[in-house]
Amino acid sequence: MTIIERHQPARHRAIFLSDIHLGTRGCQAEILLDFLKRNESEYLYLVGDIVDGWRLKRWWYWPQSHNDVVQKIMRKARKGTNVVYIPGNHDEAARQYCQLTFGDVRVQEEAIHEAPDGRKLLVIHGDQFDGIVRYARWLAILGDWAYATALRINTLFNWARRKLGLPYWSLSAFLKHKVKNAVQFIADYENAVANEARRRGVDGVVCGHIHHAEIRTIGGILYCNDGDWVESCTALVEDFDGRLRIVHWADEMARRSSRLPLSAAQHLAAE
């Protein structure tokens, strides 16, 4: 593979990203930047929790890579990508600016995305279907603190894995799927979101919030969760034929590095 071929970005009709959590140490900004450089689309949906206002209120953390993510998204908008920003619960302060446009980025409470075959997909963050966030905010904040602690452990864990030449692996995601209550919460959430899509009369729904990427059909409704850029480093992409799929970018980076000779891998890491 030549240098020119490696730099040719993949083209999609739409890209859906959520739960980036800029402003936290758990944010995998470098991996996201690599994804943004190598993927272009006509539509880019930012499906909530892009900036973590909860964490930034307690302490300030904003490295250059987080600023680079914002600049890369704004640059895409300036170059013609239709960028829609749907705030979530962690960046809920932006909800007061819904229906406004900032730097070619439209802020909306929700959106309807129409696929090439005419199917209509409701695009929402999904926190309104999380009872803890809606009715026990103090418990949600406590859970967020516990989650952040797990992510700090995860950061140290993956630092050791990188030293050993191993790819990124999410400890918190592994623990989440081993806990029965967490698995039941995910199932209840997915059903609630699908029911809302059915009530709205649309064909499917795209959401985030629970950091669990998934595409499946629930009672005739297409349920899509685009995951996150803290644990799984996933995006939902729609190709020009309307096919939806989840991209696991940390795995893609690991495969790409393993296929390159050492000198090329070093060049790639320096980008």
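This briefing covers model confidence, the main nonpolar core and a nonpolar surface patch.

The model is predicted, so local features need pLDDT of at least 70 and side-chain atom pairs count only at pLDDT 80 or more, while totals for chains, interfaces and linings use all residues. Residues are numbered from 1 along each chain as its sequence is written, and side-chain values use heavy atoms, with hydrogens and water left out.

**Confidence**
- The mean pLDDT (the predictor's confidence in each residue, from 0 to 100) is 84 for the protein, and 75% of the residues reach 70 or more.
- Over residues 1–5 the pLDDT is below 50, and this stretch has two contacts (heavy atoms within 4.5 Å) in the model beyond near neighbours in sequence.
- Residues 262–266 also have pLDDT below 50, with two contacts beyond near neighbours in sequence.

**Nonpolar core**
- The largest nonpolar core (buried Ala, Val, Leu, Ile, Met, Phe, Trp, Tyr and Cys residues joined through side-chain atoms within 4.5 Å, where buried means under 20% relative accessible area with a 1.4 Å probe, protein chains only) has 30 residues, and Leu-17, Leu-32, Phe-35, Leu-46, Val-69 and Trp-229 have the most contacts inside it.
- Among the elements giving two or more residues to this core are strand S1 (10–17), helix H2 (29–38) and helix H4 (64–78), helices and strands being DSSP runs of H or I over at least four residues and of E over at least two, numbered from the N terminus.
- H2 gives the most to this core, with six residues.
- Leaving aside neighbours within four places in sequence, Leu-32 is in contact with Leu-17, Ile-20, Val-69 and Trp-229.

**Around Leu-100**
- Leu-100 lies in the loop between strand S3 (82–85) and strand S4 (101–102).
- Leu-100 counts as partly exposed because its relative accessibility is 41%, between the 20% limit for buried and the 50% limit for exposed.
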